[in-house]
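User: I have a sequence and a structure to go through at the bench, and I would like to work through them by question and answer. Could you take me through them step by step?

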Amino acid sequence: MIDVAASTKQNLLDLDREGLECFFADTLGEKRFRAHQVMKWIHHRHVTDFDEMTDLGKALRAKLQQHAEVRVPQVQFEKPSADGTHKWLLAMDGSNAIETVYIPDKGRGTLCVSSQVGCALNCQFCSTATQGFNRNLSTAEIIGQVWVAARHLGNVPHKQRKLTNVVMMGMGEPLMNFDNVVRAMSVMRDDLGYGLANKRVTLSTAGLVPMIDKLGEVSDVSLAVSLHAPNDDLRTELVPLNKKYPIAELMESCVRYAQRKRGESVTFEYTLMKDVNDQPVHARELVRLMRDFDNRLQMKDAAKVNLIPFNPFPGTRFQRPEDAAIRRFQKLLNEAGRIAPVRRTRGDDIDAACGQLKGQVMDRTRRQAEFRKSLEARAANGGVDASP
Ligand code: SAH
């Protein structure tokens with residue numbers, strides 16, 4: 001029933017089907033199926049004004065006005081690329097902004113979605129890492145990116161499908177924002193949402209082992225893992241998280257994920273950096289790792305490699321290998337029987353390629369000042385945490 005004390009409106013974009021049904025039943029005292037009508041208005045027809053939801057009675061519309069809202073992210077600016085790629089800079093709170101990129105290709109349209117403002121993982125070759133971490137995005141802010149793109153594209157699920165795939169490969173580490181990401185992915189897959197098949201929603205992670213297991217328990221989405229190096233020494237240098245979850249543990253968790261999904265492969269992303277991880281010795285080590293993965297699952301091509309030529313950004317110490325070096329690396333994998341497509345660089349004229357998403361994380365300075373202050377307070381206190 002209606003909680004008269006509640007002063008803030010519920011943003012309906014924060015709820016998946018189950019949450020919305022509960023909101024209708026428990027908060028509004030309405031039939032659960034009303035939630036289905038509202039979902040279709042929001043995600044299929046991109047309507048945010050309850051007055052336009054004409055198959056709802058007047059009284060229900062008034063109740064919704066009072067207790068709910070559909071608050072979508074504000075487009076700060078958008079930029080089309082010469083190759084059809086489209087990038088949005090979406091304003092979050094204050095001076096924070098995140099990026100979302102649409103990449104059309106033959107017969108498909110992929111949206112690259114962000115999960116956090118900034119990122120805490122500090123992968124050495126990623127532009128997002130250079131700006132530090134501010135906060136997790138809410139479910140509304142994650143699914144809101146899909147909403148903005150779908151409206152722009154005139155996407156109609158099951159009919160005029162412009163948006164066929166979503167990859168959680170924008171800014172942030174999705175598994176560090178687990179609940180909100182899982183809820184948003186459930187709307188992406190829902191027929192009342194964007195109706196995408198499991199296979200067409202991909203979560204990419206730098207390798208948070210316990211969360212990969214947790215994901216396997218609640219979701220069936222495709223898994224991509226940012227490997228980037230075939231041995232621990234090199235990987236720890238490039239992806240510091242590897243120190244905590246080394247390759248052997250990471251591969252074990254991927255085996256468990258694939259076993260749960262029976263018959264599905266795991267994609268391993270490998271960003272090629274000149275003279276760092278692009279040598280024949282690395283290709284051979286990578287082949288061994290992938291072969292071992294296939295053997296564990298007793299399935300050919302259980303491990304898929306995706307090669308990503310490094311995308312440069314200002315201030316980086318890494319370089320993209322020459323085309324010949326990329327081809328040589330790919331050939332070594334192919335000769336060992338592995339399919340290893342090179343991910344074509346798209347939208348690089350608008351800085352929309354992998355690892356180039358930067359958004360704006362202005363509040364970081366404030367957060368960092370607060371953090372420094374708390375450290376100083378702790379030091380003044382003889383190393384004891386002074387916070388309550
Ligand atoms: N945090 C998630 C999503 C990140 S972005 C993850 O780590 O998987 C998606 C992919 O782009 C990741 O594989 C990431 O390592 C890669 N990437 C990051 N910076 C890059 C760059 N400058 N050039 C090419 N690929 C990059």
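**Helix α1 and the residues around it**

Analyst: In this predicted model, L20 is buried because 24 other C-beta atoms lie within 10 Å of its own. We can begin from that residue and work outwards.

User: In which helix does L20 lie, and which residues of that helix are buried?

Analyst: L20 lies in helix α1, which spans residues 17-27. The buried residues of this helix fall within an arc of 90° when seen down its axis, so they line one face of the helix. Those buried residues are L20, F23 and F24.

User: Against which elements do the buried residues of α1 pack?

Analyst: For L20, leaving aside neighbours within four places in sequence, the contacts are with L12, L15, A35, V38 and M39. R32, which is 12 residues from L20 in sequence, has its C-alpha 8.1 Å from that of L20. Taken together, the buried residues of α1 pack against β1 (10-11) and α2 (33-44).

User: Which residue just after α1 takes a positive phi?

Analyst: Most residues other than glycine have a negative phi. Just after α1 there is a positive phi of about 65°, and the residue that takes it is G29.

**The annotated positions**

User: Which cysteines does the UniProt annotation "binding site" cover, and where is C119 placed?

Analyst: The annotation comes from an unreviewed UniProt entry and covers C119, C123 and C126. C126 is found in the loop between β7 and β8. The place of C119 is in the loop between β7 (116-118) and β8 (133-136).

User: Are C119 and C126 buried or exposed?

Analyst: A residue counts as buried when 20 or more other C-beta atoms lie within 10 Å of its own. C119 has 25 C-beta neighbours inside that distance, and C126 likewise has 25. Both C119 and C126 are therefore buried.

User: Which residues does C119 contact, leaving aside its neighbours within four places in sequence, and where does G172 lie?

Analyst: The contacts of C119 are T128, A129, F133, M171, G172 and E173. The UniProt record, in an unreviewed entry, also annotates G172 and E173 as "binding site", together with S204, S226, L227, H228 and N311. G172 is buried, with 29 other C-beta atoms within 10 Å, and its contacts beyond four places in sequence are S114, S115, Q116, C119 and N177. As for its position, G172 lies in the loop between β9 (165-168) and α5 (178-189).

User: In which strand is S226 placed?

Analyst: S226 counts as buried because it has 27 C-beta neighbours inside 10 Å. Not counting residues up to four places away in sequence, S226 touches S204, T205, A206, G207, V239 and E269. The strand that holds S226 is β11 (residues 222-226).

**The core and the positive phi angles**

User: Which helix gives the largest share of the largest nonpolar core?

Analyst: The largest nonpolar core has 99 residues, and those with the most contacts inside it are V146, M188, C254 and V266. This core draws at least three residues from each of domain 1 (10-69) and domain 2 (74-369). Its largest share, eight residues, comes from helix α4 (residues 139-153).

User: Is D275 buried or exposed?

Analyst: D275 is found in the loop between β12 (266-272) and α9 (280-297), and its phi is near 60°, a positive value in a residue other than glycine. Another such residue is N122, with a positive phi of about 65°, and N122 is partly exposed because it has 15 other C-beta atoms within 10 Å. D275, with 10 C-beta neighbours inside 10 Å, counts as exposed.

**Confidence**

User: Over which residues is the pLDDT below 50?

Analyst: The protein averages a pLDDT of 89, and 88% of the residues score at least 70. One stretch with pLDDT below 50 has nine contacts beyond near neighbours in sequence, while another has seven contacts beyond four places in sequence. Where pLDDT is low, the predicted coordinates should not be read in detail. The stretches concerned are residues 363-372 and residues 381-388.

Key
Residues are numbered from 1 along each chain as its sequence is written. This is a predicted model: local features need pLDDT of at least 70, side-chain atom pairs count only at pLDDT 80 or more; totals for chains, interfaces and linings use all residues. UniProt positions are given in the numbering used here, feature names are shortened, and annotations may be inferred rather than shown by experiment. Helices (H or I, at least four residues) and strands (E, at least two) are DSSP runs, numbered from the N terminus. A residue is buried if 20 or more other C-beta atoms lie within 10 Å of its own, exposed if 12 or fewer, and partly exposed in between; C-beta atoms are placed from the backbone. Two residues are in contact if their C-beta atoms, placed from the backbone, lie within 7 Å. A nonpolar core is a set of buried Ala, Val, Leu, Ile, Met, Phe, Trp, Tyr and Cys residues joined through C-beta atoms within 7 Å. Domain bounds come from an automatic or database domain assignment. pLDDT is the predictor's confidence in each residue, from 0 to 100. The arc is that of the directions from the helix axis to the C-beta atoms.
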